[in-house]
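Open the model in your viewer and keep the selection tool ready. We will go from stop to stop, and at each one you will hear what to select and what is there.

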Amino acid sequence: MVPRARPRAADNPFRISGTVSGEFFTDRERELKRCLRTLREPGGKLLVAGVRRTGKTSVLERAVATINAKGGHAFLADFSTATSLVDLSNRLLAGATQAAGRRWTTLVRDLVARLQTQLSLAPDPLTGLTVPSFSVALRQESMDVQQASLGHVLDSLNALAARQQVVLGVVLDEFQELSRFGETAEWHLRGVIQKHSHVSYVVAGSHLALLEAMQAKGRAFYQLFERCPFGPIDARHLAGWIDERMRSSGLAPEEAGARCVTLVGARTRDIIRLARKCVDRAGVDPRVDVTSVDAAYVEIIDEEADSTQRWWAQLSGVQQKVMRAVAASSQGLTTAATRGRFALEQSGSISKTVARLVTDGVVIRTAHGSGYTFDDPFVRGWVLKHAVPDMGLPLPVTHLASPTSEYE
């Protein structure tokens, strides 16, 4: 038998960079259909809510690409980096221009004519298309002026779609970032988009608590959107798909997919990252078993050890104690047993510390164990490997790994 050559990076059947499509995409048929239906519906409005690294953006981009490939009109604007309402407007202008391409030859001209003041034109270095954007000066204007500009952009897109007699699908990713500009901005946007009959809106976000607050009774977006929860991919499906992909590369997985899911929890990107590392590590022996997966998990932890160490050093002593308990305890953080085992402060201090860690996105609530877990499962492994032993509690990096993680 000729020894099997180690897989090349280009042959790896798993992708984690950017968004994924084609053979690297699995499941999410229900969510994709909901997005497509809304983007084709005049005046449709849908909220897609789910935690980070579960594949939302890949689904959203696939929906947009499907619409455009079939002769429709849709684009995505990412609000994640916006620091002003002007940034939101510019994201919309750039997305609309790039999506339209040369199919709507008058789009840029009409937008400029409609929006007029403080609007500049510049070529996109990647596409060569002329992209309109509001000047920096507008960022210095009052919130009322900035809100009006955002409304004008959306109203103009609706008017242009009406003139073309088409439905324009607009996807707003990380929609919860709008909340940083206050409830007045939220109410203004509701007043704008609820009148549009030629634009459909799919908004998506990963900060579930903020999204819920924005939709609460008495808030601007109460009952405005249909809802599409974006939960974890079914564990059995994903495990089977991972094994199938490994076999397609000539490997022989032995419960490898299931172990990947067990080790890192419910977030798709984390699971696929571990599966990818397993393939990268494969040698002459084609087997990928539980031991192989565990070794790949440790390798990722070690690759990020320097940055994780720097992060750990910036935590307070109380935070470090809480993080050790989150990583290692199978009981509630405020129980007497956990407090004694990890030298934690009184319950009130623990609760405040955990609340801050949740706000900072370091830990998340879960339905099992201590009630919390790490946002990053590889950081959890580092804490188990390097920090928990400080308490005289040497534990394996796979301690408390669970395939049934459910995030709130």
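The chain has 16 helices and 11 strands; helices (H or I, at least four residues) and strands (E, at least two) are DSSP runs, numbered from the N terminus. This is a predicted model, in which local features need pLDDT of at least 70 and side-chain atom pairs count only at pLDDT 80 or more, while totals for chains, interfaces and linings use all residues. Residues are numbered from 1 along each chain as its sequence is written, and side-chain values use heavy atoms, with hydrogens and water left out.

Color the whole chain by accessibility to begin. Of its 408 residues, 50% are buried. Here buried means under 20% relative accessible area, exposed means over 50%, and partly exposed is in between (1.4 Å probe, protein chains only). Now think about contacts, meaning heavy atoms within 4.5 Å. Among contacts between residues at least 6 apart in sequence, 72% join residues at least 24 apart.

**Stop 1: strand 1**

Select residues 45-49, which form strand 1. Four of these five residues are buried, so the strand is largely enclosed by the rest of the structure. Which strands pair with strand 1? Add residues 199-205: this is strand 6, which runs parallel to strand 1 and is joined to it by five bridges. Then add residues 226-229, strand 7, which also pairs with strand 1 in the parallel sense, over four bridges. (Two strands pair if DSSP finds at least two bridges between them.) To see the partners, show A49 opposite G205 in strand 6, and V48 opposite C228 in strand 7.

**Stop 2: H196**

Next, select H196, in the loop between helix 6 (183-193) and strand 6. Is H196 buried or exposed? With a relative accessible area of 4%, H196 is buried. Leaving out residues up to four places away in sequence, H196 touches G43, K45, L154, D155, N158 and Y201. Zoom in on D155: its side chain makes a polar contact with the side chain of H196 at 2.7 Å. A polar contact is a pair of N or O atoms within 3.5 Å; within protein, one must be able to donate a hydrogen and the other to accept it, and residues adjacent in sequence count only if both atoms are side-chain atoms. Try the distance tool on L154 too: the C-alpha atoms of H196 and L154 are separated by 8.7 Å, although the two residues are 42 apart along the chain.

**Stop 3: the nonpolar cores**

A nonpolar core is a set of buried Ala, Val, Leu, Ile, Met, Phe, Trp, Tyr and Cys residues joined through side-chain atoms within 4.5 Å. The largest one has 54 residues, and I242, M246, L274 and V383 have the most contacts inside it. Among the helices that each supply at least two residues of this core are helix 8 (235-248), helix 10 (268-281) and helix 15 (347-359). Show L172, V203, A220 and L224 as well: they belong to a second, separate core of 39 residues.

Back at V383, look at what surrounds it. Beyond residues up to four places away in sequence, V383 touches several residues, including W311, W312, M323 and F374.

**Stop 4: helix 11**

Select residues 290-303, which make up helix 11. This helix has 14 residues and reaches 20 Å from its first C-alpha to its last, close to the 20 Å expected at 1.5 Å a residue; the expected span is 1.5 Å times one less than the number of residues. Which residues of helix 11 are buried? They include V293, Y297 and I301. Look down the axis of helix 11: its buried residues fall within an arc of 140 degrees, so they line one face of the helix. (The arc is that of the directions from the helix axis to the C-beta atoms.) The buried residues of helix 11 pack against helix 9, helix 10, strand 9 (287-288), helix 12 and helix 16. At the start of helix 11, find D289, where a side-chain oxygen reaches to within 3.3 Å of the backbone nitrogen of T291.

**Stop 5: R259 and E255**

R259 lies in helix 9 (residues 256-264) and is buried, with a relative accessible area of 18%. Apart from neighbours within four places in sequence, R259 is in contact with V290, V293, D294 and T398. Now step to E255, in the loop between strand 8 (252-253) and helix 9. At 55% relative accessibility, E255 counts as exposed. E255 has a positive phi of about 60 degrees although it is not a glycine.

**Stop 6: D376 and R53**

Finish at D376, in the loop between strand 11 (372-374) and helix 16 (377-387). D376 is partly exposed, at 23% relative accessibility. Not counting residues up to four places away in sequence, D376 touches R53 and E304. Select R53, in the loop between strand 1 and helix 2 (56-69). R53 has a positive phi of about 65 degrees, although it is not a glycine.
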